[in-house]
Amino acid sequence: MAQRLDLDGKPIKAITICMIGAGGFIGSHLCEKILHETPHKILALDVYNDKIKHLLEPDSASGTAPFPDRIQFHRLNIKHDSRLEGLIKMSDLTINLAAICTPADYNTRPLDTIYSNFIDALPVVKYCSENGKRLIHFSTCEVYGKTIGSFLPKDSPLRQDPSYYVLKEDTSPCIFGSIEKQRWSYACAKQLIERLIYAEGAENGLEFTIVRPFNWIGPRMDFIPGIDGPSEGVPRVLACFSNALLRREPLKLVDGGQSQRTFIYIKDAIEAVLLMIENPARANGHIFNVGNPNNEVTVRQLAEMMTEVYAKVTGESALEKPTIDVSSKEFYGEGYDDSDKRIPDMTIINKQLGWNPKTSLWDLLESTLTYQHRTYAEAIKKVLAKPTSS
Ligand SMILES: NC(=O)c1ccc[n+]([C@@H]2O[C@H](COP(=O)([O-])OP(=O)(O)OC[C@H]3O[C@@H](n4cnc5c(N)ncnc54)[C@H](O)[C@@H]3O)[C@@H](O)[C@H]2O)c1
Ligand SMILES: O=c1ccn([C@@H]2O[C@H](COP(=O)(O)OP(=O)(O)O[C@H]3OC[C@@H](O)[C@H](O)[C@H]3O)[C@@H](O)[C@H]2O)c(=O)[nH]1
């Protein structure tokens with residue numbers, strides 16, 4: 001491999017990365033990228049490894065594992081495993097991705113959500129700080145909560161003014177709903193761990209970077225209920241809509257599908273994370289929005305676009321009634337609330353790392369839905385063909 005240079009033209013030294021939550025959606029893509037394009041080693045920690053099996057196990061043709069000396073999987077739960085500190089000590093950098101991060105859990109399992117996103121992350125921060133290790137921590141765009149603009153009268157012209165909705169790391173406030181709206185348990189726990197990490201940096205010199213992902217989507221995200229996850233489970237919107245398309249059922253629009261999101265292709269986002277890993281001098285002490293401000297849609301528009309793209313990649317006709325409305329209470333239960341709009345400001349990441357997203361929403365949906373169809377269509381057909389017991 002040719003000598004890799006950082007953004008300042010200096011050679012990049014090979015490091016060991018302790019990646020917690022490596023078996024998840026983002027972790028699996030980050031592992032792939034690091035193994036294929038860099039000389040770094042990974043200590044991959046997770047409770048599951050199905051999404052990274054292809055990187056760990058011998059392939060049938062050669063009989064050898066693809067990266068035998070570069071990735072080591074440790075099956076552990078960071079809630080209670082004494083190996084955690086030793087693994088952080090063995091590494092140059094820790095990346096913490098572990099979290100409960102599906103909205104259906106925030107209001108139905110608020111305790112698990114708060115413990116997972118705050119309490120369980122505490123020892124990771126502490127071990128990094130005490131041992132002088134760098135930390136890249138995954139937070140979320142949900143820390144911004146609702147936009148200031150959402151509190152303006154519906155017909156106010158100020159709603160069109162970007163200063164009322166564009167989300168900036170260093171100036172936007174974090175606006176959550178009341179305590180009964182348990183949806184915000186996740187955002188609040190993430191906010192507090194961000195504040196703790198920031199304080200460890202300020203008071204104890206912890207070298208940290210905080211990432212705020214804005215709806216990263218792509219292959220291997222979450223699960224398809226009843227196929228590779230629980231039948232009653234509710235994943236994030238990409239998997240919910242994919243599941244409905246695969247089963248030829250209408251896509252459910254929560255509260256009219258009026259909320260807006262900006263979606264970014266996972267492969268674009270992972271490039272930003274690699275820049276953070278390899279440019280510590282430019283990334284340390286920063287909080288970075290990572291999203292694609294050009295890919296904004298309402299959830300209803302997302303449903304329409306996914307329906308159209310799915311018909312194109314499969315050749316199947318779309319349903320006559322492709323969407324149905326459901327109330328949030330019916331879909332998520334009591335205590336749900338929502339972010340109205342999420343447009344990331346890109347100034348800081350642009351200035352520090354020169355990074356920009358590339359892939360349009362149409363293109364990313366085309367490759368992702370091609371993957372979903374190839375991976376799940378047969379399994380779904382089999383499940384649908386089984387007679388249901390009454
Ligand atoms: N995907 C996104 O768009 C997005 C958006 C905002 C924030 N994030 C954040 O990024 C991180 C990764 O998200 P993801 O989309 O890959 O989610 P994911 O659920 O696919 O991955 C999380 C991984 O962490 C593991 N994990 C959870 N608790 C653990 C524990 N106690 N011990 C060991 N492993 C544990 C899970 O098994 C899972 O493999 C999370 O912190 C999430 O809050 C993601
Ligand atoms: O079937 C569905 C699923 C979801 N939705 C809606 O689609 C929107 C997006 O829902 P997602 O499940 O992707 O989750 P959200 O964007 O609300 O939150 C996510 O944001 C960033 C991360 O921290 C987390 O991964 C998650 O909290 C919401 O408005 C939701 O109500 C539907 O209308 N129908």
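**Ligand 1 and Asp338**

Reader: What makes the approach of Leu97 to ligand 1 a polar contact?
Author: A backbone N or O atom of Leu97 is 3.0 Å from an oxygen atom of ligand 1. A polar contact is a pair of N or O atoms within 3.5 Å (within protein, one must be able to donate a hydrogen and the other to accept it, and residues adjacent in sequence count only if both atoms are side-chain atoms), so this pair qualifies. The model is predicted: local features need pLDDT of at least 70, side-chain atom pairs count only at pLDDT 80 or more, and totals for chains, interfaces and linings use all residues. Residues are numbered from 1 along each chain as its sequence is written, chains are lettered from A and ligands numbered from 1 in written order, and side-chain values use heavy atoms, without hydrogens and water.

Reader: Which side-chain atom lies 2.7 Å from an oxygen atom of ligand 1?
Author: A polar one of Tyr186. The protein buries 89% of the 820 Å² that ligand 1 exposes when taken alone (Shrake-Rupley method, 1.4 Å probe).

Reader: Why does Asp338 count as buried?
Author: Its relative accessibility is 18%, and buried means under 20% (exposed is over 50%, partly exposed in between; 1.4 Å probe, protein chains only), so Asp338 meets the cut-off.

Reader: Which side chains make polar contacts with that of Asp338?
Author: The side chain of Arg261 does so at 2.6 Å, and that of Tyr336 at 3.4 Å.
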